[in-house]
Every structure is written in structure tokens, then in C-alpha cells.
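Me: I would like a close look at one aromatic side chain and its surroundings, followed by whatever else can be said about the rest of the chain. Please keep it plain.

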Amino acid sequence: MAEVSEVLMSVLSTIRVPRPGDRVHKDECALSFSSPESEGGLYVCMNSFLGFGSQYVDRHHTRSGQRAYLHISRTRKAPVTMAGLMSADSVSHALQVQQWDGEVRAESRHAVKLKQLDNGTKIPPSGWRCEVCDLQENLWMNLSDGRVFCGRRYFDGSGGNNHALLHFQQTGHPLAVKLGTITPDGADVYSYDEDDMVLDPKLPEHLSHFGIDMMTMEKTEHTMTELEIAVNQRVGEWEVIQESGATLRPLSGPGLTGMKNLGNSCYLNSVMQVLFTVPDFQSKYVSNIDKIFDEAPSDPTQDFKTQGDQVGIAARMFKALVGRGHPEFSTNRQQDAQEFLLHFINMVERNCRSGVNPSEAFRFLVEERIVCQQSQKAKYTQRVDYILQLPVPMDQATNTEELQEAERRREEADSSGAPPPAPVRACIPFTACMAALSEPETLTDFWSSAAQAKTTATKTTRFASFPDHMVIQVKKFTFGQDWVPKKLDVSIDVPDTLDLTALRGTGQQPGEELLPEVAPPPLMTPDVEVKDPVPSSLALSLSLSAPVLDDSTVSQLCEMGFPLEACRKAVYYTGNTGIDAAMNWVMGHMDDPGGISCAKYTIKHVCLSWMSPTFNQVVSPIPLFQSNVLERAVDWIFSHLDDLESMEVSEGGRSAAESEGSREPPPGPKVRDGPGKYELFAFISHMGTSTMCGHYVCHIKKDQQWVIFNDQKVCASEKPPKDLGYLYFYRRVTDLYSSCN
């Protein structure tokens, strides 16, 4: 006992008590996926509060010298109950609801201090009706006053009549519970103020106020999650994409490890599984894992390279790191896999500026050719992209008659009250999608520098380079005529091999004249004086046609350092729709000739000033509430670091190159190029009616065998549903070679 006391006394000075704000990692190893339930448990450093599995605790001790660790080891025991066996949901149904990621709910900010009226209202256990329209289903009880109203009307006309929403708009009472979903385990609670499904930790108390005993209630209606599943089962999407009808052979081993669903992380799981089959990402984050761990900072949970390797069981730390500071990916809501892929690539770009950059595998150049129809002169521009967005021409469906007949039967069923018929999926040829992608686009409001007037032009988009790996997004998510978001239910015969050679851009052709690099004339605004005398009729015409610009938006842009003329153009061309739209326009026209290009210098000047004592003076005029504007500017900075590093700004406000009269453009982005022939090696599929709900799975071809990755479930695929994918991943079929442009 004396020896133990001596050991404890020798490390006592290194032991800290966690303070508010300290991050205590007691659930997951900082370098692996070990947890308290893993073999050997978890060791938490009593000084840094970092957790380490048994295989990594010695490494941390050697590097840090820490000797005091709290050993946490747990064994899970599954509870067993016989009550309610016949009335309980089957395991398959419960598993579907658990896997469906439509709602991962946060606690409502109104729940704890919700004010409930003492109005004597008591709600019976059944027999509910909407107080306004007598509807007997999809009923919601307001938790503030106990009044019962019908829910929202759905996009297809079903649901309710919006009376619960109207009641909130009239009273401001924020929370409502869906009657019929109340069980001892909980219920559906919606916050109209937060516009989301939420958790109410005091729900039993709130229900009891109106005479409802949760412990005696039984479910009589489908939950919102179950309704979403039912919709997708009707179209067969859920069954087909998950290959639910087949007995799939489980797989395991290197490259066949599933990832736990952290509540709504199937989009992240699918993207990361695919990315880490790409050799560039494997060599960057897996092959040299020992070097990464050895060079990891003192807190590896905040290191992108360390967490980038976390592809295995439950990537909690990785998800927290890549989502930190992002308005969407930092939440527990479902997200768009395509948006997350671009977000992750952006993070890789930022963290690989001085080393090997695996995102170069996807980077390519797009050539845009605009031809003025009046002068027949052309303009060529190039931009960087990572994903090819493929349009879906619904009018090219090969089963049009079948679709029309299905629509006729649906309308008959609606009018007669009969059950709706089975939906029919539109069959769109892949060749039609490619034709829609490559066809010229007509620009009706194009400013021609040759004609010095607005005219019509055609824009053609082609590839200026072909990447090692091509990502294709099928543009399934769109808006209906009523601007309600919807997902196109389509089947596309996506090929196993793809030849894009015919879509390579050719650049300026022999004998082709280019549009002169002349900026549009200054905009006529109310504060611009007309110095030359003009006839009164012309002056009247000018005053009537002069655009009225939002002075506050122009002022905010000017405060950010952009030239006045650029600010006026931005506000004019975005139709006075606000600072966000105007800022996006400025950032999207950095390469335009004339005044907008001056904005490049402004941002570069701010960036370089960060390293100077006058930093606060430079950025202080930027409104603090414009966080998205700053983020856009920072994104631009990080994507133009090569330009910034090559610039040496003098006190006179021009770079050394400009001072010497040099007009050589800075080097462009680093891209790989090669033949445009590819083979399909992976695709990500989405089930659900929108990107904000549903479920993602991915199929990956490994050793000529298609494998389905459905979160933790990894199996040999029997019928990969290649026609229902959302994101498709192709790799070059010839020997890879690189060239830097």
C-alpha cells in the first residue's frame, strides 16, 4: 500500500481537474476507434484529458511523459423484457426506422422553460379532431394551450390543412406534439419557431398538464420517420438500392470495414468509403500512418491529417473536426453527400498547401467558349472544377406513354378516393443526359465588347483537362413549378465505361477573332452627373431608365475595400437583392476585365496585412455580421495561394511585377491531364424525397466484385443498382500520367 501511495504522490502534480471548457475524450481513442467497450478499454490522460486505446497509450506516455491515466472499461448488457411482445414493432421495422436518417433531433430551446396555460383543458386518450376542420388524422396538440389542430398540407395535397401552423402564427406558442405517436418511449414533437422536429426532455410533464399519461399511451399513427420510409417503399427505392430482397454475403478484412452511423452520418460514411479507395488518399493518409502519428500535435483530435485516417468504426472525432464552424456539417442534420464531398475537398486543399495534395486526383479545368452572335467573335475562359454535374432531360424519357398512363390513373384515384396506383419511374438514356450537357446555351443578355451593346451569345462548355478520377453528379434534386423542392424519380443507364474524348475543348481556332478586352460602360446611377449637355428628351430617358441602387448594400461592399464601380455593378446585376447576393457576384467575377479585377488586390492586401501590425486597421471596416462574406473571401484566398505567394505588395499598392510593367499572368492551378476514357468503380445512392432526409449507401468495385457499404454492413453485392445512383466515380483506364498546367 505504501508503494501505491508513493506512486500516486509522484504523479499528483501532473493531475488536473477538468474545468469548464476542457474537452474530455472519454468515449474514443484520439488515434484509433478504441472505446471503453473495446478490448483493453480506454485510458484517459489525467492532464490533457485525451483518450487512448491500449495499443496507443504507451506511445502517448513516451511522447508526453505523462504517467497518470484513468482506465475506463465497460461491458454492455442488453436489457430483456417480455412486456408488450405482440404490440411491439418487429426487429426489421425497428431497424429500418433506426437506419432512416430523416430526423436526428436536437433538444428544443423552448422545452425547459415552456409556459403552459392553466385553462383547464384535458385531452382524452382517443377521438381527437381538428378544432377547425374536423380532420381526424395528422393531428397536433399545442403544448402551451392544449388545443388540437391538423398538420401541414404536403406537396402532393395530402396531410392536413395547415391549421396547427396558423395557430402558432396567431399565438406564438412554439411546440406541438403529434397525437397518435405518444408512447412510453416518446413522441413526435415539432417546434414551429425552430422549424424542425425536436426533443422535449420534459415531455411527460408537459403532457400530464393536459391529462395525458405517457406510460399508458399506445401508438395509433405513423411517426414522421415511418411516413418517410413508407413513401420510399412505395416506389421501391429503399428495397432496390439496399438490395433488401437478396441474401447478401457479409465481407470483412482490409478495405472492407464498415462505419457506424452516428445518427445522421450516412452521407459522410458513404463519401469517405469511396474516397479512401482512391490511391492518392490511401498514400496520403493510410500508407504513412506511423509518420502521421509520430508528427501529430499534442492534441491529435484537432489535427486534420490524423483524423483523416479515421475510416473504420465510428468517426466521431473526424466528423466533429471536418464539421467545425460549418453551419450545416457541424449539426446533427442529414446533409447532401455532394456538398459534403466538396466541403471535404476544400479542407484537403487547405491542409495540403505545402505537400502532396490528394484532391488533385479530381481537379480538372473547364473551358467556356462564348460567341457573340452579332460579331461572331469569341471569348475563352477557364475555371477549376471537381464534379461534373449531369442534367436530367425528363422530356427524353423512353417510357413516356407509360408515365402518362400512370399519371392518368393517379388523377382518377385522387378524384375517386381510391388507393394511389404504383408509381412508374422515368427511364432516361445516359446519352440524352450527355447531349443535354454538351449542347450550347443561349445567353440573351450578353454584353458584347465588340458591339458595345447587349446582344445574344452562345456558350459552350468543354473540358480543358481530364482528371485521373471523374466524379459525376446526377442532378436529381430540383424544384417543381410551385418552387417546392422535389427529387426526380429516374432510372439512368449509366455505363461501366465512359469516353469523354469528344468533349475536350480546342481553344481558339485558326482565323477566329476574340472579343476585345473592354469593360462595359459605367452604369448610370442617380448620383452620377451627366457632364456633357444632352437634349432634354434624352436626359429624361436616361433618368427614367437609370437603375435605383440600394445605397446601403453599395456602402457595405465599399467598406470591404472593393472599388465603387465594382460595388455598383454587383448591386445592379443582382437586382438589389442584398449583400449576400452582391458579394457572391463580386467573388464570381474576380477575373472579369475592368473594375472587378481590382477586388483581387483588395483581398490580397487584406491577406498580406494579417501578418502586419496594422491588421486590425485593415479588417475593422468589414461588418462583423457578414460571416459568410468573410468565409467566401477566405475561400478565395486559399484557392489563390500560389498567386498570393508570388505577389510582393509594395507600399505604393502595386506588386513588384506590376511596378515593372509586367503583364504575365500568374501560374494557373495544378491539374493532371490525360486521355478521357474511364471505368466506373463506385457510386453513391440516396433514398428519400430530399437531400435533408433519407439514407445514403455506396457500392464500390473491389477486385472485380461489387461491394455494398451500408454504414456498418459490408456485403458482396448481387445486383448493384447502377441506374439509381446519385454520385458516380470513374477512374482513368489507361496508364496515369501527370502534367502541370
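Is Tyr-267 buried or exposed, and what is its relative accessible area?

Reply: The model is predicted, and what follows should be read with that in mind. Tyr-267 is buried: its relative accessible area is 0%, and the cut-off for that label is under 20%.

The aromatic partners of this side chain come next. Over the whole structure, a search finds 14 aromatic pairs. In one of them, Tyr-267 meets Phe-340 edge-to-face, with the ring centres 5.4 Å apart and an angle of 80° between the planes. This pair links distant parts of the chain, since Tyr-267 belongs to helix 8 (residues 266–275) and Phe-340 to helix 13 (residues 337–351), 73 residues apart. Phe-340 is likewise buried, at a relative accessible area of 0%. Both rings belong to one aromatic cluster, made up of Tyr-267, Phe-276, Phe-281, Phe-340, Phe-344 and Phe-362.

Another buried set is found in helix 15 (residues 430–438), where Phe-430, Ala-432, Cys-433, Met-434 and Ser-438 are buried. The elements that cover these residues include strand 12 (388–390), strand 13 (426–428), strand 15 (453–463), strand 19 (490–492) and strand 20 (497–499).

Cysteines deserve a separate word. The structure holds zero disulfides. A disulfide is a covalent bond between the sulfur atoms of two cysteines. Cys-45 is buried at a relative accessible area of 0%, and Cys-352 counts as buried at 4%.

A buried polar residue can be set beside these. Asn-710 lies in strand 23 (residues 705–710) and counts as buried at 5% relative accessibility. Its side chain makes a polar contact of 2.8 Å with the side chain of His-695.

In the loop between strand 22 (695–702) and strand 23 sits Asp-703. Although Asp-703 is not a glycine, it has a positive phi of about 55°. Asp-703 counts as exposed, at 78% relative accessibility. Asp-134 has a positive phi too, of about 65°, and is not a glycine either. The place of Asp-134 is the loop between strand 4 and strand 5 (139–142), and at 47% relative accessibility it counts as partly exposed.

Strands 4 and 5 lead to a sheet. It is open and has six strands in the order 4-9-8-7-5-6, with mixed pairing. Strand 4 (106–107) and strand 6 (148–150) are its edge strands, each pairing on one side only. Strands of a sheet pair through backbone hydrogen bonds, either parallel or antiparallel. Strand 4 and strand 9 run parallel and are joined by two bridges; here Glu-107 stands opposite Leu-199 in strand 9.

The loop between strand 8 (189–191) and strand 9 (196–199) holds Asp-195. Leaving aside residues up to four places away in sequence, Asp-195 touches Arg-152 and Tyr-190. These three residues are among those that the unreviewed UniProt entry lists under "binding site"; the full list is Trp-140, Arg-152, Arg-153, Tyr-154, Phe-155, Tyr-190, Tyr-192 and Asp-195. Such annotations may be inferred rather than shown by experiment.

To return to the question, Tyr-267 is buried, and its edge-to-face partner is Phe-340.

How values were computed. Residues numbered from 1 in each chain as written. Predicted model: local features only at pLDDT ≥ 70, side-chain atom pairs only at ≥ 80, totals over all residues. Heavy atoms only, no water. Disulfide = S-S within 2.5 Å. Buried < 20%, exposed > 50% of the residue type's maximum accessible area, 1.4 Å probe, protein only. Helix = DSSP H or I, 4+ residues; strand = E, 2+ residues; numbered from the N terminus. Contact = heavy atoms within 4.5 Å. Phe/Tyr/Trp six-rings, centres within 6.5 Å; stacked < 30°, edge-to-face > 60°. Polar contact = N/O pair within 3.5 Å; in protein donor to acceptor, adjacent residues only side chain to side chain. Pairing = 2+ DSSP bridges.
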